[in-house]
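Please open the model in a viewer and keep the sequence at hand. The tour below proceeds by selection, with a note on what each selection shows.

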Amino acid sequence: MEKNMLGSLQEYQEARFTKRVAFQKGESVVFVLNFMPGQQLPAHQHPGTHVFILALEGTGTVTADGTAYELRKGDIIHLEGDETFAYVNDGQENASLYVILTKTPGPEYAQNI
């Protein structure tokens, strides 16, 4: 078992958003992205993965494949890795996102259960 403290992963910097990795195991990674007001994550993809995001603090806008969605504290979203997505903290307070990137096991995994 491993344990990490959320507070140690929430670090904000004026120069740019921060990424703090909590765990990285096999083909999965868990991290926290931290944004001061006005900071943003550029549009990008994670092909072959599933992306799960929990808004820990603040508000902002996620744009997925050209459509904008409001994201508030407590909201949870799932994105297919092939979707192009971006995030901007357009709120007045700091924002933190808890992110899990994971690959789905192939069909051979389901057959062995």
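Leaving aside neighbours within four places in sequence, with which residues is Asn-89 in contact? In this predicted model, select Asn-89 and its surroundings: the residues in contact are Phe-35, Met-36, Pro-37, Gly-38, Gln-39, Thr-59, Gly-60, Asn-94 and Ala-95. Asn-89 belongs to the loop between β8 (85-88) and β9 (95-102), and is buried, at a relative accessible area of 1%. Display next the polar atoms of its side chain. One of them lies 3.1 Å from the backbone oxygen of Phe-35, and the side chain of Asn-89 also reaches the backbone oxygen of Met-36, at 3.4 Å.

**The sheet**

From the loop, move to β8 and select the open sheet of four strands, whose order is β3-β8-β5-β6 with antiparallel pairing. Its edge strands are β3 (40-44) and β6 (67-72), each of which pairs on one side only. On average, neighbouring strands in this sheet are turned by 20° against each other, direction ignored. Between the antiparallel strands β3 and β8 there are three bridges. To inspect this pairing, select Leu-41, which stands opposite Tyr-87 in β8.

**The nonpolar cores**

Keep Tyr-87 selected and add Leu-33, Ile-53, Leu-97 and Val-99: these five have the most contacts inside the largest nonpolar core, which has 19 residues. At least two residues of this core come from each of β2 (28-35), β4 (50-57), β5 (59-64), β8 and β9. Now centre on Ile-53. Not counting residues up to four places away in sequence, Ile-53 touches Leu-71, Asp-75, Ile-76, Ile-77, Leu-79, Phe-85, Leu-97, Tyr-98 and Val-99. Apart from the largest core lies another, of five residues, including Leu-9, Ala-22, Val-30 and Leu-56.

**The salt bridges**

How many salt bridges does a search of the whole structure find? There are three.

- Select Lys-25 and Glu-2, whose closest N and O atoms are 2.7 Å apart. This pair links distant parts of the chain, 23 residues apart: Lys-25 is in β1 (residues 18-25), and Glu-2 is in the segment before α1 (6-9). Lys-25 is partly exposed at 49%, and Glu-2 is partly exposed at 47%.
- Select Glu-11 and Arg-20, with 3.2 Å between the closest N and O atoms. Glu-11 is partly exposed at 33% relative accessibility, as is Arg-20 at 23%.
- Select Glu-70 and Arg-72, where the N to O distance is 2.7 Å. Glu-70 counts as exposed at 53% relative accessibility, whereas Arg-72 counts as partly exposed at 47%.

Methods
Residues numbered from 1 in each chain as written. Predicted model: local features only at pLDDT ≥ 70, side-chain atom pairs only at ≥ 80, totals over all residues. Heavy atoms only, no water. Buried < 20%, exposed > 50% of the residue type's maximum accessible area, 1.4 Å probe, protein only. Polar contact = N/O pair within 3.5 Å; in protein donor to acceptor, adjacent residues only side chain to side chain. Contact = heavy atoms within 4.5 Å. Pairing = 2+ DSSP bridges. Axes fitted to C-alpha atoms, helices over the stretch in contact; angles between N-to-C directions. Core = buried A, V, L, I, M, F, W, Y, C linked by side-chain atoms within 4.5 Å. Salt bridge = Lys/Arg side-chain N within 4 Å of Asp/Glu carboxyl O.
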